[in-house]
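Biologist: I am new to this structure. Please show me how to read it, feature by feature.

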Amino acid sequence: MRRRKKSKSENAAAEKPPNKSAGTKSLAGKRLTNAQRSAYFSRREAAKVLRTVLQGDSRRLAVASIKSLVYGPSVRNKRATYALVCETLKHLSIIKDVLGASNVLTGKWKRQEELMYIVTYDILFGQEDALVGDAEKFLLLRKVALQSALARLLVRRGVKKVNELITPHDSQKCRYVRVNTLKMDVDSALIELMKQYKVVKDDMIPDLLVCPPGTDLHDHPFVKTGIVFLQGKASSMVAASLGPKPGWEVIDACAAPGNKTVHLAALMNGKGKVIACELDKGRFKYLKHTVELAGATNVHVMHDDFLNLSPEDPLYSKVRAILLDPSCSGSGTALDRLDHLLPSSANAGTHDALDMDRLQKLANFQKKALEHALRFPAVERIVYSTCSIHQIENEDVISSLLPFATSCGFELEMVLPQWPHRGLPVVAGSEKLLRTDPVKDKEGFFIAMFARAGKEDHSVKSQMEGNTSSRPRRTRRRSNLFFKMFRTMRYAKLYSAKKR
């Protein structure tokens with residue numbers, strides 16, 4: 001009798017995962033502990049994340065950061081998955097050397113190399129006692145070969161410990177937490193968080209709190225329920241710079257993952273309308289999740305390209321502000337993105353031509369998007385931002401669009417004047433642009449703001465400068481009274497002089 005050949009789907013199902021709903025059900029007949037089952041799924045989720053970042057790194061493509069991928073809604077055991085990805089990347093050059101020297105990867109396992117990297121890390125440096133699954137079994141049978149290859153590598157490199165082969169990278173960046181005022185006021189959130197952590201208010205952004213470096217809040221109930229968002233200071237400056245008022249209609253042009261979108265909604269007190277655009281299907285789902293988590297009911301999420309929105313369309317005739325945070329190189333958030341762990345960081349400077357080609361393509365898109373934003377007839381304010389340190393994506397984009405912006409009635413406006421770092425002096429009005437320093441501030445952002453000439457300044461900048469419109473009513477009354485008295489006295493003097 002002829003044996004039926006297994007289909008691809010049957011082969012893919014050969015390694016059955018543990019039954020999540022069956023307590024300690026078995027994998028291939030073996031009873032599992034909760035720790036084993038959790039570790040099994042974490043390794044596979046880590047392998048998916050690792051595949052995405054390594055493919056993006058090899059092709060020099062901008063992909064979501066490791067944190068964004070891990071802390072998205074689809075990953076269950078986030079802390080374990082994040083630790084696995086980071087530790088595997090730290091040891092990746094060692095793992096590749098060991099797997100190559102031991103020559104253990106054959107057949108189908110070569111096509112699942114990211115999973116094999118993860119499992120090899122656990123066998124050599126991690127949790128060997130929680131290793132269950134076909135991939136784990138395959139490598140455990142070859143553990144001696146892996147350990148021998150590692151020992152030979154240490155001898156060849158002239159070191160005694162594996163840690164001597166890993167470049168240390170120390171980050172002392174503060175943990176910033178933005179309070180979602182749609183769900184809780186800042187003072188209440190501060191009081192609750194102070195029960196467990198050392199927390200202070202930021203000195204510039206009203207709804208931002210600051211925790212010491214290393215503070216881990218990912219599993220805190222406030223984060224899981226959208227009461228607070230883990231958002232950096234520079235990122236929080238973007239929506240604050242635009243400063244939309246309650247009742248406005250605003251477009252967030254390139255919205256995912258949605259932190260700035262829901263910040264806009266909170267600044268508007270949940271009133272008015274935020275139109276959030278996202279073209280990528282996966283990022284669109286992430287954006288929807290963020291909006292739902294924040295309880296931002298005034299956000300309308302669109303699975304569409306911002307460039308497809310017509311400025312002449314009556315649907316957008318009342319849009320008064322646009323936040324444009326387009327795709328960029330992400331070079332300013334290398335620390336947050338953990339780019340120093342990626343293979344390309346070891347070869348810095350060897351991809352200059354490829355990098356410049358990529359940067360030029362990004363800049364072309366950024367210019368196109370900004371020009372499109374400037375065409376909306378009722379828009380009074382536009383904030384353009386990137387998380388890039390490159391002039392080609394920042395000042396050069398502004399410089400190239402400045403004449404067109406002027407023809408549309410816009411001019412550059414000062415962004416958060418109390419911030420010390422300004423734009424590079426390569427464009428007129430560079431002192432009005434804002435940069436954050438990747439060394440001093442631990443992240444590199446760029447923010448530019450266009451305002452239609454003659455329109456009232458509604459930004460947070462106005463409130464911080466203490467202009468007349470932001471003074472207490474009593475102060476304004478006193479000022480008006482003093483002016484009336486002065487005018488009356490002046491007229492009295494002129495009248496008496498005339499009579500003489």
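Modeller: Start with an annotation. In the UniProt record, an unreviewed entry, the "binding site" covers C254, A255, A256, P257, G258, N259, K260, E278, D305 and D325. Keep in mind that the model itself is predicted.

Biologist: Which loop holds A255?

Modeller: Locate a residue by the elements on either side. A255 sits in the loop between β7 (249–252) and α12 (259–267).

Biologist: Is A255 buried or exposed?

Modeller: Look at relative accessibility, with buried meaning under 20%. A255 has 5%, so it counts as buried.

Biologist: What does A255 touch beyond its sequence neighbours?

Modeller: Set aside residues within four places in sequence. A255 is then in contact with T261, A276, C277, E278 and L287.

Biologist: E278 is on the annotated list too. Where is E278?

Modeller: It lies in the loop between β8 (273–277) and α13 (281–294). The relative accessibility of E278 is 9%, so this residue is also buried under the 20% cut-off.

Biologist: Which residues does E278 touch?

Modeller: Leave out those up to four places away in sequence. The contacts of E278 are C254, A255, A256, R283, F284, L287, M302, H303 and D304. There is a polar pair as well: a polar atom of the E278 side chain lies 3.2 Å from the backbone nitrogen of A256.

Biologist: How do β7 and β8 pair?

Modeller: For a strand pair, read the direction and the bridges. β7 and β8 run parallel, with four bridges between them. Within that pairing, V250 has V274 in β8 as its bridge partner. Next, follow the chain between the strands. It goes from β7 through α12 to β8, a β-α-β crossover that is right-handed.

Biologist: And which strand follows through α13?

Modeller: The chain passes from β8 through α13 to β9, and this β-α-β crossover is right-handed. β8 pairs with β9 (residues 299–302) in the parallel sense, over four bridges. Here V274 stands opposite V299.

Biologist: How many residues of β8 are buried?

Modeller: Four of its five, so under the 20% cut-off β8 is mostly covered.

Biologist: Show me a sheet with antiparallel pairing.

Modeller: Read a sheet by its strand order. One open sheet has four strands, in the order β4-β5-β3-β6, and the pairing is antiparallel. β4 (200–201) and β6 (228–229) stand at the edges, each with a single partner strand, so each has one side without a neighbour in the sheet.

Biologist: How many bridges join β3 to β5?

Modeller: Four bridges link β3 (residues 175–179) with β5 (residues 208–211), and the two run antiparallel. In this sheet, R178 stands opposite L208 in β5.

Biologist: What should I look for in a nonpolar core?

Modeller: The general idea comes first. In soluble globular proteins, nonpolar side chains tend to be buried together. Now this structure. The largest nonpolar core has 42 residues, and L50, I66, L105, L139 and L146 touch the most other members. Helices α2 (34–59), α3 (66–70), α4 (78–90), α5 (92–102), α6 (113–125), α7 (134–140) and α8 (143–157) each supply at least two of its residues. The most come from α6, which gives eight.

Biologist: What surrounds L50?

Modeller: Not counting residues up to four places away in sequence, L50 touches V85, T88, L89, E114, Y117 and I118. There is also a second, separate core of 39 residues, which includes A240, W248, L323 and C387.

Biologist: Give me one more residue to practise on. Where is T436, and is it buried or exposed?

Modeller: T436 is in the loop between β13 (434–435) and β14 (446–452). Its relative accessible area is 5%, so T436 is buried.

Biologist: Which backbone atoms does the side chain of T436 reach?

Modeller: It reaches the backbone oxygen of E443 at 2.8 Å. It also reaches the backbone nitrogen of F445 at 2.6 Å. Beyond four places in sequence, T436 is in contact with A234, M237, W419, D441, E443, G444 and F445.

Biologist: And the whole chain?

Modeller: Finish with the totals. The protein chain has 18 helices and 14 strands. Of its 500 residues, 47% count as buried. Among contacts between residues at least 6 apart in sequence, 70% join residues at least 24 apart.

Technical notes. Residues numbered from 1 in each chain as written. Predicted model: local features only at pLDDT ≥ 70, side-chain atom pairs only at ≥ 80, totals over all residues. Heavy atoms only, no water. UniProt positions renumbered as here; feature names shortened; annotations may be inferred. Buried < 20%, exposed > 50% of the residue type's maximum accessible area, 1.4 Å probe, protein only. Contact = heavy atoms within 4.5 Å. Polar contact = N/O pair within 3.5 Å; in protein donor to acceptor, adjacent residues only side chain to side chain. Pairing = 2+ DSSP bridges. Core = buried A, V, L, I, M, F, W, Y, C linked by side-chain atoms within 4.5 Å. Right-handed = clockwise from strand over helix to strand, strands pointing away.
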